[in-house]
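I opened a new notebook page for this structure. My plan is to look up one residue, then work outwards.

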Amino acid sequence: MKTNQRTTKLVLAALMMCIIIVSIMFIRIPIPFTQGYIHPADAMIFLSVLILGWKYGAAASAFGAMLGDILGGFAAWAPWTFCIKGIMAIMLGLIIELAFRKADPSRAKVMTAVIIGMILSGIFMTVGYYVAEGIMYGNWAVAAIGIPWNIGQFVIGMVLAVVLAKALSKTQAKRYFSYKLL
């Protein structure tokens with residue numbers, strides 16, 4: 001990768017990290033009967049992988065989500081979030097990479113891989129936060145309350161990420177996409 005390309009990727013990763021921080025800190029929907037909340041950052045995490053690829057996308061996702069927790073007053077969740085959101089981004093990126101390794105992948109197969117990757121990484125996130133909450137609160141029944149909310153969060157994130165990626169693919173921003181998806 002050329003120096004100019006590397007600089008562009010780094011700047012875009014920093015931008016995506018900031019967008020993830022803002023989407024966690026300022027757009028919160030409280031989960032009833034818990035101290036938790038849902039947010040649109042999963043859409044930005046998915047979008048960061050679609051734009052930056054799995055390496056830069058995972059770094060932006062892990063650090064952005066962790067800093068969103070710390071700056072938003074939920075520092076106890078920061079280590080969990082760093083791992084869960086980072087692995088979530090890596091999973092999506094590697095599944096997309098597998099689709100591109102096939103000889104001349106069709107657009108439909110790549111988009112299928114993107115959707116499967118988002119679903120699997122969203123399931124990982126849901127399980128990860130269930131385990132984290134169960135350990136932190138010492139109550140697995142209370143942790144189960146967050147499961148449907150986390151599922152809803154990543155499903156809405158999937159839809160938003162695909163819509164935003166499609167819109168960005170019609171602009172000059174498409175030249176920065178790591179994967180030619182749309």
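**Entry 1: N150**

I started with N150. Its relative accessible area is 10%, so N150 is buried. The cut-off I applied is that buried means under 20%. I am working from a predicted model, and I keep that in mind throughout.

Where does N150 sit? I found N150 in helix α5, and that helix covers residues 140-168. Next I looked up what N150 touches, leaving out residues up to four places away in sequence. The list is M125, T126 and Y129.

**Entry 2: The whole chain**

I stepped back to the fold. I counted five helices and two strands. Along the sequence they run α-β-β-α-α-α-α. The radius of gyration is 16 Å, close to the 16 Å from the globule rule for 182 residues, so the protein is as compact as a globular protein of that length.

I then noted the box around the C-alpha atoms. Along the principal axes it is roughly 50 × 30 × 25 Å. How much of the protein is buried? I wrote down 42% of the 182 residues. The accessible surface comes to about 9,400 Å². Carbon and sulfur atoms own 73% of that surface.

I also checked contacts with a separation of 6 or more. Residues 24 or more positions apart account for 73% of them.

**Entry 3: The salt bridge**

I searched for salt bridges and found one. Which side chains form the salt bridge? They are those of D42 and K85, with N to O at 2.4 Å. D42 belongs to helix α2 and K85 to helix α3, so I noted a link between distant parts of the chain, 43 residues apart. I looked up burial for the pair as well. Both D42 and K85 are buried.

A reminder to myself: side chains of opposite charge can pair when their charged atoms come close.

**Entry 4: Aromatic rings**

How many aromatic pairs does the structure hold? I found four. I began with F63 and F82, an edge-to-face pair. Their centres are 5.0 Å apart, and the planes stand at 70°. F63 is in helix α2 (residues 41-71) and F82 in helix α3, 19 residues apart, and the pair links distant parts of the chain.

I checked how open these two are. F63 has 39% relative accessibility and counts as partly exposed. F82 is partly exposed too, with a relative accessible area of 29%.

Then I turned to Y130 and W140. Their ring centres are 5.4 Å apart and their planes at 50°, so I logged the pair as tilted. Y130 lies in helix α4 and W140 in helix α5, so the pair ties together parts ten residues apart in sequence. Y130 is partly exposed at 25% relative accessibility. W140 is partly exposed at 41%.

I also noted one aromatic cluster, formed by W77, Y129 and Y137. Y129 had come up before, among the residues that N150 touches.

**Entry 5: The nonpolar patch**

W140 led me to the surface. W140 is one of the residues in a nonpolar surface patch of about 730 Å². The others I listed are I115, I116, I119, L120, I123, V127, V131 and I135. Which helix gives the largest share of the patch? It is helix α4 (residues 107-137), with eight residues.

I picked V131 for a closer look. V131 lies in helix α4. At 32% relative accessibility, V131 counts as partly exposed. Patch residues need over 30% relative accessible area, so at 32% V131 passes that cut-off.

**Entry 6: I95**

I looked up I95 next. I95 is in helix α3 (residues 78-101). Setting aside neighbours within four places in sequence, I95 is in contact with A113, G117 and L120. L120 was already on my list for the nonpolar patch. I also took a distance from I95 to I70. They are 25 residues apart in sequence, and their C-alpha atoms are 30 Å apart in space.

**Entry 7: T3**

My last stop was T3, in helix α1 (residues 3-25). Is T3 buried or exposed? At 60% relative accessibility, T3 counts as exposed. I paired T3 with M125 for a distance. The two are 122 residues apart along the chain, and 34 Å separates their C-alpha atoms. M125 also appeared in my first entry, as one of the residues touched by N150.

Terms used
Residues numbered from 1 in each chain as written. Predicted model: local features only at pLDDT ≥ 70, side-chain atom pairs only at ≥ 80, totals over all residues. Heavy atoms only, no water. Patch = residues over 30% accessible without salt bridge, like charges linked within 9 Å, V, L, I, M, F, W, Y side chains within 5 Å. Areas by Shrake-Rupley, 256 points an atom, 1.4 Å probe, with all protein chains shown as cover. Salt bridge = Lys/Arg side-chain N within 4 Å of Asp/Glu carboxyl O. Helix = DSSP H or I, 4+ residues; strand = E, 2+ residues; numbered from the N terminus. Buried < 20%, exposed > 50% of the residue type's maximum accessible area, 1.4 Å probe, protein only. Contact = heavy atoms within 4.5 Å. Rg over C-alpha atoms; globule rule 2.2 N^0.38 Å. Phe/Tyr/Trp six-rings, centres within 6.5 Å; stacked < 30°, edge-to-face > 60°.
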